[in-house]
Amino acid sequence: MPLFNLRMHASRTDRGQEVHISGAERIAWDSSLPDLAHDLCQRALVHSRGLPDAVYITAKALNPEKVLHYPALAVHSYEEKDVASGLARALTLLASQGIDDSRRILALLEEAREKRGALLVDARSLERLERDPRRGVRASCMDLEGGIRKIAQKVHFVEALILASKVAHAPGICAELCLSDDPDYVTGYVASKSLGYCRITPLKPLGSPFGGRIFFYEGDKSDLDDCVHFLEEQPVLIDMGAYTSQQAKSIEKSLLPSQAPDSLHADTRNHEPHSSLQRPDKWAYLEQKLESLREQHLLRSIDPLSSGPGPYVSKQGKRYLLLSSNDYLGLANEERVKAQAAKALKTYGTGSGGSRLTSGSLCLHTALEESLARFKGKESCLLFATGYQANVGTIQALCGKGDVIFSDALNHASIIDGCRLSGAEIVVYAHNDMSDLEAKIREHPGAHGLVVSDAVFSMDGDLLNFPKFLEIARRYDLLSMVDEAHATGVLGAHGRGIEEYYGLSDSADVSVGTLSKALGSEGGFVVGSQRLITYLRNCARSFIFSTALSPAPVAAAHAALNILEAEPWRVERLRDNTRLFCSLLAPLGQVLSPSAIVPVLLYDEAKALRCAAELAERGIFVQAIRYPSVARGRARLRFALRSDHESDDLIRACSWILELCQK
Ligand SMILES: *Cc1c(COP(=O)(O)O)cnc(C)c1O
C-alpha cells in the first residue's frame, strides 16, 4: 500500500499577481486520501488572508521504505511582556547556539518577510546561502506518525512542531527562527536539536501579516545540496511519543486563546482578545520596557560634565582624561573658534528665527556652504541642522517606493532611519563586503536606487572599501552616498576625508558630513553637484521643515574649518596619537585603527560597564557601548583620540586599560 504526500496550496490573483493565502500538507496512506483532501480543501477556504480563487491539491506517491522517523522536539514556552522582549528572548536563544549578531539577524528577518520559502543562512557569517533567493528553501514532506492525525488537522502548533522537528534533524542545520505570517498568530519559535522547540509569545504584533523563517546552517558548504534536498524532499514522520492527543489539544488551548473554532465563517479577529497584549494601564508598557533594559544591562543614563571638551574634563569636582570625544582636533573649545562664535552671536543674535527657505538664512550660512564645497572639492553644499537630519532628509528625498537601497549592515542609525522613512526596499549587505554588495545588487536586476555606507564606521572605526564601492555603484548605475561624519578632519593629509585618504579624483555622488565632530560645532551638511544640492534644497523635508542653524555654531564651524585648512599638523598629531594608543594596546590584539576610533571589544554588556566604571575610578572617561548602538553580545569600550592628547597621558591610560580588560 503506497504512502502519499498530499499538498494543498490556496491562492488569489490580485492585479495579475498570484498571492499566496495558505498551504498545508500531509503524509497519508491512500485509503485516507479522500478525507484528508476534504479537510485540507475546507481549511483553504477559512483563512484570515481571505478567500482564495484557486485551491490546488496534489498527491504524490512515496516509497514507505524511504521514510525517516524522528522524535518530536521537546516543547518549552516563553510568555513575554511584549514583542520587544519576545524578540530579545529569541535572540538570546540563538546566541546560545553561537548565532549572535542580532543586528544582522533582525535584518535577515526583514528580508524573510512575506517570503513563502525560508532563508538559509550560514550560522557563522550570517550570509545567505539559498540557490534561488526569491524562492528560498521550503521544508516539506513531513507529518506526524499515526494516531493523532484527527487532532493535528486543525492545530497550528502541532504542524509547526512537526516542521521544526524535521528541520532540526536536517544535516548541517543548527537552529531555526520562525514567525508566522498569519495576522492572528503572534507566536513564533526558535528551535534546534539541543534547545528543543521554544515557543515565544508574542514575537510580532497582532494583525501583522509579516512572518518569516530562517534556517541556520553550520555544515560544510559542499554539503549544502544534501541539506536542501533533505528539507524539501525527504519524507519524514515525527513521533510525538509522550504527547497524547489530549495534551496536544490542551497545549494548543492554553497558548492560543484566539484560535478559530470549527466554523466555516470564523472571523478569528473577533474572538477573545490576546490577554498578554492588553495593556493594564497606559504607562505599563514603559515600565516593562525599562525593567527589561535594566535586567539586560542596557539601561542608559545621562552623565553631565562640568567643563567644556578638552584633553581633560571635569565632573563633580573630579578631573578625567577624555578618551571618548568626537572633538578630534580640539576645535570645540579653541580660542579663535570661540571668538568667532561670540562675535556672530553679538552681531546676529542667538536664534535664526526661521527655516532656511523663509527668514532664517544668513550670509553666514551661505559663506560656510561655499567654504565646505571648496574644501571638499565639490560644486555645492547644503547645511542641515544636524548630521542626523542631513542623512534622513537626503535619503528620503532621493529614494521612494519602488527604489532599492543597498545599505551596509553597520551603517549609522541616521542612515537606517532615512532608508526606512523613504519607503524604498532596503537591502542590507554584509559589513563592508563588496562581493556581497554586488551579489545583492545582482539579485535586483535593473533596480533604481542608492548604495549607501559610512566612510568610517562609527562604532568600529574601520574604513569603507571606497574604490570598490564606487566602482560597483557606477557599474550598476546606482547613486552612491557616503557618510563622512568621522572622516572629515580625520582622513587624508589635510583631513578632507575618504577621497583624499584613497587618493582618488573620483567621488561619491552624495557625501554627507557633520559639523559636530572634528569641526567642533554642530550641524550637518551635504556636498555634491549643483543639481543634487538644488534638488535637496527643494525636496529634503528635514531641511525644509526645520529652523536654520543659529549664528554662533555656523560661525564656529567656519572658523574651525579655516583652522583645519591652515593647520594640517592637527590631523597629523591625531594620527600619531592613534598610532601610539593602538600600539600600546597591542597586547589586547589591537591593530592600528585607520581612523581615530579605537574599539576594545569586551562582548559582555556587564563586563563593559564594569571596565568603564573602573577606568572612571582612575580618572579615565570612556563609554561602554552596548546594544542598540552595537549588536547584543558585542559590547565594547569605544575610545576616541584627540590631537591634543599628551603621550604621557596615553601611556598611563593604556597601562590601566590593559590591566582591566585582560582580567
Ligand atoms: C554622529 C554621526 C551622525 C550624526 O551627526 P550629528 O551631527 O551628530 O547629528 C551621522 N552619521 C554618523 C556616521 C555619525 O557618527
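## A walk through the model

Select strand 16 and check its side chains: Val404, Phe406 and Asp408 point one way, Ile405 and Ser407 point the other way, and all are buried. Buried means under 20% relative accessible area, exposed means over 50%, and partly exposed is in between (1.4 Å probe, protein chains only). What you have on screen is a predicted model, where local features need pLDDT of at least 70 and side-chain atom pairs count only at pLDDT 80 or more, while totals for chains, interfaces and linings use all residues. Residues are numbered from 1 along each chain as its sequence is written, and side-chain values use heavy atoms, with hydrogens and water left out.

**Stop 1: strand 16 and its partner**

Strand 16 covers residues 404-408, and five of its five residues are buried. Helices (H or I, at least four residues) and strands (E, at least two) are DSSP runs, numbered from the N terminus. Now add residues 425-429, which make up strand 17. Strands 16 and 17 pair in the parallel sense over five bridges; two strands count as paired if DSSP finds at least two bridges between them. Want to see a facing pair? Show Val404, which stands opposite Glu425 in strand 17.

**Stop 2: a three-stranded sheet**

Jump to strands 22, 24 and 25. They form an open sheet with the order 22-25-24 and antiparallel pairing. Strand 22 (597-603) and strand 24 (623-625) are the edges: each has a single partner strand, so one side of each has no neighbour in the sheet. From one strand to the next, the twist averages 35°. Select residues 635-640 to light up strand 25, which pairs with strand 22 over six bridges in the antiparallel sense. Leu601 is a good one to click, as it stands opposite Arg636 in strand 25.

Next, turn on residues 605-617. This is helix 20, lying across strand 22, strand 24 and strand 25, and running at about 35° to strand 25. Contact here means heavy atoms within 4.5 Å. Axes are lines fitted to C-alpha atoms, for helices over the stretch in contact, and angles run from 0 to 180 degrees between N-to-C directions.

**Stop 3: salt bridges**

How many salt bridges does the structure hold? There are 39, each one a side-chain nitrogen of Lys or Arg within 4 Å of a carboxyl oxygen of Asp or Glu.

- Pick Glu111 and Arg104, whose side chains meet at 3.6 Å, N to O. Glu111 is buried at 12% relative accessibility, and Arg104 is buried at 5%.
- Then try Asp225 and Arg131, which meet at 2.8 Å, N to O. Asp225 sits in helix 6 (residues 224-233) and Arg131 in the loop between strand 6 (119-122) and strand 7 (142-144), so this pair ties together parts 94 residues apart in sequence. Asp225 is partly exposed at 43%, whereas Arg131 is exposed at 62%.
- Arg336 and Glu334 also form a salt bridge, with their closest N and O atoms 2.8 Å apart. Arg336 is partly exposed at 41%, but Glu334 is buried at 12%.
- Finish by selecting Glu438, Arg442, Lys468, Glu471 and Arg475, which are linked in a network of salt bridges.

**Last stop: Tyr285**

Select Tyr285 in helix 8 (residues 284-295). Is Tyr285 buried or partly exposed? At 32% relative accessibility, Tyr285 counts as partly exposed.
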